[in-house]
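Reader: Hi! I'm new to this, could you walk me through the model below?

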4 protein chains.
Amino acid sequence: MSDWKKRLADRGVDVDAVKTQLKRFTIETPSWGYAQTGTRFGKFLHPAAAKTFEHKVQDAAEVHKLTGITPGMAVHVLWDFPTGFEPAVVKQCAKHGLRIGAINPNVFQDQAYKFGSFASPDAAARKQAVAHCIDSVAIGRQAGSNLLSLWFADGTNFPGQDDLARRKRAMAAGLRQVHDALPESMTMLVEYKPFEPAFYTTDIQDWGMAVLLARQAGPRAKVLVDTGHHLPGCNIEQIVAILLDEGMLGGFHFNDRKYADDDLTAGSIAPYQLFLIFDQIAAARAAGNPNADAVAYMIDQSHNLKPKVEAMVQTVCTIQSLYAKALLVDRKTLAKAQAAGDIVLAEETLRAAFFTEVGELLGEVRSEMGAAPDPLVELRRSKYIDRRAAERRADQADAGGSYA
Amino acid sequence: MSDWKKRLADRGVDVDAVKTQLKRFTIETPSWGYAQTGTRFGKFLHPAAAKTFEHKVQDAAEVHKLTGITPGMAVHVLWDFPTGFEPAVVKQCAKHGLRIGAINPNVFQDQAYKFGSFASPDAAARKQAVAHCIDSVAIGRQAGSNLLSLWFADGTNFPGQDDLARRKRAMAAGLRQVHDALPESMTMLVEYKPFEPAFYTTDIQDWGMAVLLARQAGPRAKVLVDTGHHLPGCNIEQIVAILLDEGMLGGFHFNDRKYADDDLTAGSIAPYQLFLIFDQIAAARAAGNPNADAVAYMIDQSHNLKPKVEAMVQTVCTIQSLYAKALLVDRKTLAKAQAAGDIVLAEETLRAAFFTEVGELLGEVRSEMGAAPDPLVELRRSKYIDRRAAERRADQADAGGSYA
Amino acid sequence: MSDWKKRLADRGVDVDAVKTQLKRFTIETPSWGYAQTGTRFGKFLHPAAAKTFEHKVQDAAEVHKLTGITPGMAVHVLWDFPTGFEPAVVKQCAKHGLRIGAINPNVFQDQAYKFGSFASPDAAARKQAVAHCIDSVAIGRQAGSNLLSLWFADGTNFPGQDDLARRKRAMAAGLRQVHDALPESMTMLVEYKPFEPAFYTTDIQDWGMAVLLARQAGPRAKVLVDTGHHLPGCNIEQIVAILLDEGMLGGFHFNDRKYADDDLTAGSIAPYQLFLIFDQIAAARAAGNPNADAVAYMIDQSHNLKPKVEAMVQTVCTIQSLYAKALLVDRKTLAKAQAAGDIVLAEETLRAAFFTEVGELLGEVRSEMGAAPDPLVELRRSKYIDRRAAERRADQADAGGSYA
Amino acid sequence: MSDWKKRLADRGVDVDAVKTQLKRFTIETPSWGYAQTGTRFGKFLHPAAAKTFEHKVQDAAEVHKLTGITPGMAVHVLWDFPTGFEPAVVKQCAKHGLRIGAINPNVFQDQAYKFGSFASPDAAARKQAVAHCIDSVAIGRQAGSNLLSLWFADGTNFPGQDDLARRKRAMAAGLRQVHDALPESMTMLVEYKPFEPAFYTTDIQDWGMAVLLARQAGPRAKVLVDTGHHLPGCNIEQIVAILLDEGMLGGFHFNDRKYADDDLTAGSIAPYQLFLIFDQIAAARAAGNPNADAVAYMIDQSHNLKPKVEAMVQTVCTIQSLYAKALLVDRKTLAKAQAAGDIVLAEETLRAAFFTEVGELLGEVRSEMGAAPDPLVELRRSKYIDRRAAERRADQADAGGSYA
């Protein structure tokens, strides 16, 4: 037995079981994560950033080749299916060994949405937004996706701007209409966010509102947790535990933050917190909660300064390694310590797992899956980014402008 | 017509209707708000602070005499009914023209509650806590109270300390048991708080959790909003609008804050926010929502440095004046502006009401109710505090120690 | 004497003295505040938004005509002097009765500034940034401005990204170089901001850093307080008091916020806080602190949804009215209450001023200054915005894209 | 070479150099950290908590015996030297192999300090506070301590309560007086805190104010960073970098937090952040900054629920292990990556160190220092806590009451 395996086994880890779990764990990367992005103050252009859908597929496929765990690519209807369903898009994905992941409608960018989409005081805006989402359901169905991922920028900027109760009821009504259009196979994810771009109220501002609206919409509506969408101090892992217990956890958008919705790469600021989130999922699975195996893992962050593909590979590996650490938690010892009120032992049990080195474990898992043992190193060695930068440089000329 | 009345009428205010609403508006003061209190760093003793239940009743009666709108006094079972229901307590209140308001059990101070009460891993602690709350229901029934007000310090301080899903289910189970014990006449208020004294997770951490648990408990469970119990930036008036629309707003604990649960006197830091909260209630009432008239208004703050009775009178007057301003909002103009997306006009409509002087209006209302036109001035003129300080000074010798 | 004047006089206000102060109070509006703006999620276009410098001057002049207190317009070198000093720009302002206000260099948008400007690890970027600021000093001198207003987006996004001590020393060195280039007549304002667009560290993150760097730069460097650039809970009025006492308060960028740097119109979320800021300035002036009369007042906010000129007029009036209220504070009573530890009286003294109606007072002051008694009403009556929208509509076709 | 040593060496670590640094690293534990403590809602009593000074010394000595790196114990003058300097106290420490660490005056608990100490509007309170601090200097001198650690609860609770400029000048004057009384050998540490127990303004609210006041006090005044005393989002490691570069970092009070000043055990919530703080110190040392070796490390946290001695041992080991990880950072690779703008490599260089297992390294260091290889395990094995609980149980009867 290799050294690292022996070390883990000595600590009571069932290495084979952990490896099995790791091989089942997949993360979707977002098509827009490969394109130029920025802040409201401007964009710093990357020569290798994806400009076309083809570029995005190339990049997503490269990330999957290296990591072995990103077979799906989330798409944005406005940017990736601008003229409705297009079989070529699915074929292009398939050609690169990818499938279409979550379908993301866009109901925030059109000028019609100045005062909101589903919750707008303007009936035409509401109608346009709901129709776009129902169209997105159709695209998803044709593209073989089973996830409709809904994020709303809806809200108000100033006290008095709108009737909050009316907005709430309009949002609920719109979600019900979209839910009614869902095929059996699809789940509708309702995302929440405390603020930005709305700065006074946001119509779906927290998990409580998302649950309330999802339940009013119907049984195939679940909650999407974006790890960057919380007020300062909010305990995200507790929300995850609650949603799991209620059978309402639909999925994650991973990213990290220090201040607001900073959209930094996942695990870059608070890696322990991300581990604790995975610990709740592992705990729910260990307790037999079926919701733990019905969670969609997706990345949604903004690679402002880091090179796109490199940032994505780094993120996928970071998430995977924190997930792996959560699988190493000694649940028997933990349960005993919890029952006994032995706080120090319970905490040390978690920390022992968090601080366990998992590089060799992940290297073996990746090798067995046909991926690169160390994806970041392999990416740099392969000069993939330089090659793409050379190819795509011409296309960058007119980059800049709208977000993503 | 007096000048001020003319000015208001010229702005479209129906002064008589506003006065009628103001005369219906009452606020409960808490018995513990008259006693010595402090921070974890110590207490600064007030010579006039209430030491006995008799003192508390004297003070609450004085506040009611001056303001005319505080006929009820909330009680803490542990401190005010230490040995179970006591008819003398009710009689004492009645003698001073007061009634017993919300009944507050105490499930946080006993050593048994080290790891929680309803959510403790210890079955004996859970049982003791639930039994105490059921006893409190009985006390409330006998005391003629229609409100059981539940606040839980339950939570954990460190990652891993306890099984969060188990705690959630235990909390739900306890609340159901207490709800089952409620008479038809009583409402059970479920309070939430993001942190303190628990510093990692709090079992009822936000309005979403409170709604979820209240609904699982039964139809007579509603949510209590303590204005100081929110994470930074949280939009409280939106929560109020949501709860009202769901028929789930049970009541308020008023106080103010700049940082955490600072428990400052209501309206001292963010008076506009408190006005906006009342604006939501007034808007719901105008829209015919019956929940708007079923809300209990209570004060719960910590008079660390301000003299107790003076701080209470100041708070009652501040709340009443912000409520009055919300009644002055020109709802027709507001609704038109909202429908038209005229943000500036909508906002200015609110601000016009907020900045309207209401001193003379309130003076007339108070006079007609037999109270002091300017309660703070009258309190100082009367030397009530000095007199009580002289009477009670002897009792203060051993003050200090446990909270409240 | 008119009613309102009598009411104020009865409360001890020296109305003439207050009017004199109000007539001395001016606020700069920013040229970029009249142009299209948005969030990173997109822009909602206003038909009347300024597209050219001429438009900006027209709008700023209209605001000054209506309010009488905005004779200066702050300019952004990159957008308003793209090719260096241009006498036509100054003439255009003069033709409309305006003067050039604070000069704002732009060292955040060029691709060279990916890793910062003055603090970049790249010597060429540092040199370019310092040279641009020195050029801006020259432009300011020629344009007759006495303020160089410096905001830096400099910072890092991830732990380890750069050597923080090196960045600090580079920032200090750059500021010294610019200070050395200042004529006697100019003040250099150093702005701070906790985050955005940098999301891990910001090189000038708070007032403490701004003071430290300003003092290292030289005697003509002062601190600029942007009211939206603070962490949650931060007490801005205390910072103002400290800076005033140290003689380091250079000026303000006014706007309001609920969450992050939301850039809402000033006084829209926390009007009491803005009043308390002005109260510190009024208190310092009353105490004879000369710094109180050397403060530059500027607006810097983002009119995302509100019509540009309307939002600006609303903001100017809001700021002026909160300033007026601060002038009404009864400083003698306040000082006595403070000395006596009479918290309630001290607080009520402030609140009495805050809640005093000042509409008639301001109407008279404006009339005497030749401005509109109610500028917002007059703006709407005049249909200025509709006219400009019609004129400028053609120019909007290609709007959108870069920020501001 | 043992396996772990080879693994570290393979990664480029100079194991011997790291061990040398680790042996020089010491942390002070606070005498009050062994006593009963709680929140404002009450205390949960620990049978083994220290009641007398003798108990505190026993416990501190046990922690030092187990960990080998806590030879000093910080003392609180009010609680540990209630009647002035007492040679027996020093002897007692020496008998247990300890020395007196930082001297902490107490200027917040006496009734005289209701409105503050150094900044009180009451001259008698100011005088009493300054005199107590000068007395504390004398005690420190006699006790052989070289640190005077100053924390002020001074502040205000309500707008208008006091004249902020006067308070600032009074605080500065008091600090100068105390600095004047310092012997050459002593350093005066000025601690800052944003809020609590003051909830509107705190007189020394952040590092900027602490630096400003320390510099006005004199050359032996430095800043104390309590890791829990920051507003949400504040980047502490950047403050550390700034203070180090200015030669103003005096020391730390370690603890952790999620919300406010939660006083949880260090590293329990955000271990990566504590690592990043140590990384700044290690970086400064590597850059030849002498301030990096003049920093005092102290623990100041509240063991509400965790057993006292156990929590202290756990904390000491956690801090030591995060410090060890910071020593493992490959500074050459980091510097190269930073200069090249290679954010991903720079970040991964930090993370590689953070996630390196250091248990065996620390075990060897501890063994060589005569301490327990795994102090927590040894503490439990030894049944020290049970023994002390049995001995001290009688003393606990009247525990409870004042804080700490």
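Author: Happy to! One term before we start: a residue is buried if 20 or more other C-beta atoms, placed from the backbone, lie within 10 Å of its own, exposed if 12 or fewer, and partly exposed in between. This is a predicted model, in which local features need pLDDT of at least 70 and side-chain atom pairs count only at pLDDT 80 or more, while totals for chains, interfaces and linings use all residues. Residues are numbered from 1 along each chain as its sequence is written, and chains are lettered from A and ligands numbered from 1 in the order in which they are written.

Reader: Cool. Is D:K383 buried or exposed, then?

Author: D:K383 counts as exposed, because it has 11 C-beta neighbours inside 10 Å. Its phi is near 60°, a positive value in a residue other than glycine. You'll find D:K383 in the loop between α15 and α16 (384–392) of chain D. Labels like these are DSSP runs numbered from the N terminus: helices are H or I with at least four residues, strands are E with at least two.

Reader: And C:D263, buried or exposed?

Author: C:D263 is buried, with 23 other C-beta atoms within 10 Å. Phi of C:D263 is near 60°, again a positive value in a residue other than glycine. The loop between β11 (249–254) and α10 of chain C is where C:D263 sits.

Reader: You mentioned α15. How do α11 and α15 of chain D pack?

Author: Helix α11 (residues 308–327) and helix α15 (residues 375–382) of chain D pack at an angle of about 160°, and their axes are 9 Å apart. That makes α11(D) roughly antiparallel to α15(D). Axes are lines fitted to C-alpha atoms, for helices over the stretch in contact, with angles from 0 to 180 degrees between N-to-C directions. Under 35 degrees counts as roughly parallel, over 145 as roughly antiparallel, 65 to 115 as roughly perpendicular, and the rest as oblique.

Reader: Which residues of α11(D) and α15(D) meet?

Author: From α11(D) come D:V309, D:E310, D:V313, D:Q314 and D:C317, and they meet D:P375, D:L376 and D:L379 of α15(D). Contact here means that the C-beta atoms of two residues, placed from the backbone, lie within 7 Å. The residues of this contact between α11(D) and α15(D) divide into six nonpolar, one polar and one charged. Ala, Val, Leu, Ile, Met, Phe, Trp, Tyr, Cys and Pro count as nonpolar, Asp, Glu, Lys and Arg as charged, and the others, Gly among them, as polar.

Reader: What about α3 and α11 in chain D, how do they cross?

Author: The axes of helix α3 (residues 53–67) of chain D and α11(D) come within 10 Å and cross at roughly 40°. On the α3(D) side the contact residues are D:D59, D:E62, D:V63, D:L66 and D:T67, and on the α11(D) side they are D:K308, D:V309, D:M312, D:V313, D:V316 and D:C317. By class, the contact of α3(D) with α11(D) has seven nonpolar, one polar and three charged residues.

Reader: Switching to chain C: how do the axes of α10(C) and α11(C) cross?

Author: They come within 8 Å and cross at roughly 50°. α10(C) and α11(C) are therefore oblique to each other. The residues that meet are C:P271, C:L274, C:F275, C:F278, C:D279 and C:A282 in α10(C), and C:L322, C:Y323, C:K325, C:A326 and C:L327 in α11(C). That contact of α10(C) with α11(C) divides into nine nonpolar, no polar and two charged residues.

Reader: Now strands! How many residues of β5 in chain C are buried?

Author: Five of the six residues of strand β5 (residues 99–104) of chain C are buried, so the strand is largely enclosed by the rest of the structure. Strand β4 (residues 72–76) of chain C runs parallel to β5(C), joined by four bridges. Two strands pair if DSSP finds at least two bridges between them. Opposite C:V75 stands C:I103 in β5(C).

Reader: And how many residues of β5 in chain A are buried?

Author: Five of its six residues are buried, and strand β5 (residues 99–104) of chain A is mostly covered. In β5(A), A:I103 is the bridge partner of A:V75.

Reader: Any odd peptide bonds? What is the one from C:E196 to C:P197?

Author: The bond from C:E196 to C:P197 is cis, with omega near 10°. C:P197 is in the loop between β8 (187–191) and β9 (201–202) of chain C. In chain D, the bond from D:E196 to D:P197 is cis, with omega near 10°.

Reader: Last one: how many residues do chain B and chain A put into their contact?

Author: Chain B gives 43 residues and chain A gives 43 residues. The side of chain B that touches chain A divides into 25 nonpolar, 12 polar and six charged residues. Between chain C and chain B, 20 residues of chain C are in contact with 20 residues of chain B.
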